[in-house]
Every structure is written in structure tokens, then in C-alpha cells.
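This report describes the surroundings of one strand and the nonpolar core to which that strand contributes.

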Amino acid sequence: MIVIAHLSDVHLDGDRRAADRTRAVMEYLDALPYDLDAVLVSGDIADHAEEAEYEEAAKLLRSRHPLVVCPGNHDERAAFRRGLLGERSPEGSPSTGPVDQVLRGEGFVLAVCDSSVPGEHHGFLEESTLAWLDGVLTDTAPQVPVLVAFHHPPVPLHTPYVDEIRQFGEDRLAALVERHPHLTAFLCGHAHTAAATTFAGRPVLVAPGVVSTLRLPWEAPTGSSEHVHLDEPPAVAFHVLGDDGRLTTHYRVVAARR
């Protein structure tokens with residue numbers, strides 16, 4: 001059995017609230033009596049892409065389990081590379097190219113793509129990222145499941161505020177899926193709500209938000225914010241790949257510190 005914990009949208013901004021909620025989730029995962037196969041944090045790490053926010057993220061996003069973090073639309077690639085990945089270049093400034101990463105675990109592969117678009121809030125996979133993902137899938141034995149992660153969902157979720165800035169150009173990704181049957185599922189964030197749908201015949205599993213929860217269109221406003229609930233607790237998803245190849249997802253809320 002393979003178990004991957006998945007959290008998203010921590011939006012660290014120097015304020016205690018976001019930090020406490022992130023810390024609560026990470027401490028909960030570290031205290032589990034089970035060794036997770038991976039912990040995925042699917043974007044929007046810093047709220048303003050400031051150096052101090054990434055310094056805070058580097059302290060909070062640590063785990064005894066294998067950890068991989070990808071950028072979202074609130075992140076900035078060079079600052080993300082410098083603050084979280086510790087990357088440096090001879091010129092002093094890290095690359096501004098897509099932050100694509102792969103985690104090869106025992107019996108699975110987690111391919112993490114950068115769907116961010118510099119200076120924009122919507123998502124789009126650059127051609128170099130699609131070529132990289134195609135290579136990861138090609139280099140992985142067909143009996144090994146590959147989970148593909150990124151920040152932006154590639155389909156509408158019937159949430160207008162998020163759907164306007166979802167991942168576009170998804171037809172190119174769908175064409176890639178057809179060539180690789182062992183691409184098992186897509187994992188993403190961005191929506192600040194636990195959700196499940198399909199894309200190109202594969203599950204799309206959306207992690208709940210840590211910093212806040214999206215208000216759905218049919219929910220009455222309950223606070224001063226137009227789009228989100230700020231009083232809902234943070235939550236995390238657990239994606240479970242069974243020995244029979246079946247993928248199951250569980251969601252758990254986590255008590256945040258006060």
C-alpha cells in the first residue's frame with residue numbers, strides 16, 4: 001500500500017495565522033504512526049513571493065517523510081528556487097524556468113509539474129514541461145503508476161472565481177495522457193476546497209486549502225470575505241494506491257493552533 005499526503009495553498013505571509021495552520025498540518029503528519037511514501041505540497045507557498053515568506057516556508061515545510069513542494073500562482077520561480085530548493089547559479093540568480101521535479105518512490109512515481117505563469121494567476125504547462133513529463137512517463141516501466149501533480153486544475157470545478165484562473169491549454173496534456181496508460185491520476189490544489197472530478201479519463205483530485213476554504217457558489221456568505229471561509233479548519237488529503245492498483249482518497253481536517 002502506497003500512501004501520499006497532499007496539502008496545498010498555505011499562503012505564508014508573515015502572519016501567525018497562516019504559519020500556525022501550516023505547522024499544525026505538518027506536525028500532524030509527522031506524528032502519524034505510519035511512514036508515508038510522500039508528502040506533496042501543491043503550490044501557493046508564499047502569499048507575496050517575498051524572501052521572508054520563503055524563509056518561513058523552509059522552516060515549516062519540513063517532514064520526516066519524503067517531501068516535494070511545487071509553486072503556484074502566488075509564487076515566483078527564482079525566489080522559490082532560492083528559498084526552498086537552495087538553488088544558486090554562477091550569476092547569483094536562480095533560473096526563472098519551470099520548477100519541474102520527480103520523486104521516484106517504491107512502486108510509484110510522483111511527477112510534479114510547474115503550471116504557474118510568471119506574472120499571471122491562471123495556469124499553463126510550458127512546452128518544456130510537457131516534454132519533460134513525457135520523458136518521465138516514457139522512462140517509467142508501464143507497470144509502475146505515475147501520479148502527476150501541479151497547482152492549477154486542468155478542468156472547471158463549477159467555482160467561477162477559481163475556474164477563471166484554472167489551467168488552460170489542457171488539450172496538449174490530454175494528448176499526452178493517451179500515450180501513457182500508466183498515468184494514474186492528477187493531483188492539484190489552487191481551489192481551496194476538497195474536490196474530485198476527471199480529466200482525459202483520469203481522476204483529478206484537489207487538495208483542500210490550508211489557509212482558507214473556498215465558499216461554493218450555492219453557499220450563503222458567512223463572513224466579510226467574498227470568496228472564502230476563514231473559520232474552517234485546515235485539511236489534508238491522503239491518496240492511497242492499493243496492491244490491486246485502485247486509487248482511494250481520504251480527507252482529514254486538522255485542528256489548528258490558536
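A residue is called buried when its relative accessible area is under 20%. The model discussed here is predicted. By that criterion strand 1 (residues 2-7) is mostly covered, with 6 of its 6 residues buried. The covering extends to both faces: Ile2, Ile4 and His6 are buried on one side, and Val3, Ala5 and Leu7 are buried on the other.

Strand 1 pairs with two strands, as summarised below.

| Partner of strand 1 | Bridges | Direction | Bridge pair |
|---|---|---|---|
| Strand 14 (residues 235-241) | 5 bridges | antiparallel | isoleucine 2 with leucine 241 |
| Strand 2 (residues 38-42) | 4 bridges | parallel | isoleucine 4 with alanine 38 |

Between strand 1 and strand 2 the chain passes through helix 1 (residues 16-30), and this β-α-β crossover is right-handed.

The largest nonpolar core comprises 31 residues. Leu7, Leu29, Leu36, Ile45, Val236 and Phe238 have the most contacts inside this core. Two or more residues come from each of strand 1, helix 1, strand 2, helix 2 (51-60), helix 3 (77-84) and strand 14. Helix 1 gives the most, with 6 residues.

Leucine 29 illustrates the packing. Leaving aside neighbours within four places in sequence, leucine 29 is in contact with Ala5, Leu7, Leu36, Val39, His65, Val236 and Phe238. Apart from the largest core lies another core, of 26 residues, which includes Ala111, Leu183, Cys188 and Ala191.

Notes. Residues numbered from 1 in each chain as written. Predicted model: local features only at pLDDT ≥ 70, side-chain atom pairs only at ≥ 80, totals over all residues. Heavy atoms only, no water. Buried < 20%, exposed > 50% of the residue type's maximum accessible area, 1.4 Å probe, protein only. Pairing = 2+ DSSP bridges. Right-handed = clockwise from strand over helix to strand, strands pointing away. Core = buried A, V, L, I, M, F, W, Y, C linked by side-chain atoms within 4.5 Å. Contact = heavy atoms within 4.5 Å.
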